[in-house]
Amino acid sequence: MRGRTTATLALLLALTACAGTDGTDGPDPGDAPSSTDTASGETAPDLPDGGPVDEPVVAEPATAPLDWHDTGVPVDTRYVKGPQWEALGDAADTTVELARDGDAVTVAAGRGRTISEVLMSEGWAVVVRQDEAETAPSEVAVVDLASGETRDLVTPPAASGGSWALADGDLYYPTYGDGGAYCLATAALADSNGEDGWCAPDRSGFSGLTAGEHGVGIMTFDDARPVACRTVNLLDGSGVPQPLEGPEECAAWDVAATADGAVWSEVPKPRRQEEARFHASADGTYFDLGPGTTGSAVPCGGSVFFVRDPQGPDEPARLLRWTSERRLEVAYESSSTGNAFLGEPVCGGGVLTLASYGEKGDEHVWASVS
């Protein structure tokens, strides 16, 4: 894990890979878990509805911190924790060690390469070794966490850099198609079956891949100047991006699928691309989730998390969680206020890792997401 990189730089890097988002004292009835019958005979709570797209319901966050634990690892160290395994990189990004109860697997970047991505699910780990000159395809090491066996993912060949996502045993990553088209590849890690699919149209590209149990999100963009037109999408059953209904045209950035819709962000001021406002859709209704930081949305354990920087000199940095019950929760608060920020959260098979920076000291913590 690294400290936050600017979202603007990430987009510029991706663009270079283009081919040629009555009061009483009693309990609020809206908070009571009324129930309806399900097909299985069990009962399920009624979920709150949002509003229309032009009048979304404002979601007020409740304090519900996760059970956080110290990683014992410095905040500037690449680190991913899973349910059983953990991945630890060195300071120079030349190696990653995967360890579990005395078992260890080491992946080296190799000559002329650097570790650019480390992804983990319950059953798999993926280590991406990028060519330092960015002229050769990335090399991809796949580790079966059940056996510790390591093998290379060969086809389709991975583009240098770009956006990557892993959900269960499916890996999503950039590749090049016919005529140098920038395409989205999918690999089923269990059978080493990889294939390229949708390709970005000419003079456009994609970034911001997210993947979880509810689907895959992707941000597409064109090469308009001075500001690219961005569209947030979810992949359909055939792997083709389908634009979300709700985001303002060309203004969206983050996107992640939920059980009944999606979470996305919009950038209201093009010159302040790190500042966004997050939204959620749920069964055709809409919620306003408030301010957040672009590039920070991550699905994990059935929820979607995103970072909110301090909103004033006495405010902490916060990690917000949008749950499957359509609740907005504060999952983490920094001990520092004002001059504080969080790194991009990392999910490894339902375990979330987070770095926190501030004047009262830095923290590197993890928590299981239920």
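Reader: What makes Arg326 and Asp260 a salt bridge?

Author: Their closest N and O atoms are 2.9 Å apart, and a salt bridge is a side-chain nitrogen of Lys or Arg within 4 Å of a carboxyl oxygen of Asp or Glu, so the pair qualifies. Arg326 sits in the loop between strand E28 (316-322) and strand E29 (328-337), and Asp260 in the loop between strand E22 (252-257) and strand E23 (261-266), so parts 66 residues apart in sequence get tied together. Strands here are DSSP runs (E, at least two residues), numbered from the N terminus. This is a predicted model, where local features need pLDDT of at least 70, side-chain atom pairs count only at pLDDT 80 or more, and totals for chains, interfaces and linings use all residues. Residues are numbered from 1 along each chain as its sequence is written, and side-chain values use heavy atoms, with hydrogens and water left out.

Reader: Why is Arg326 called buried?

Author: Its relative accessible area is 7%, and buried means under 20%, exposed over 50%, partly exposed in between (1.4 Å probe, protein chains only), so the label fits. Asp260 is buried too, at 18%.

Reader: Which network do Asp260 and Arg326 belong to?

Author: A network of salt bridges that links them with Asp49 and Asp283.

Reader: And how do you know that Glu315 is partly exposed?

Author: Glu315 has a relative accessible area of 29%, which falls between the two cut-offs, so partly exposed it is. Glu315 meets Arg318 in a salt bridge (2.7 Å, N to O), and Arg318 is buried at 17%.

Note on methods. Helix = DSSP H or I, 4+ residues; strand = E, 2+ residues; numbered from the N terminus.
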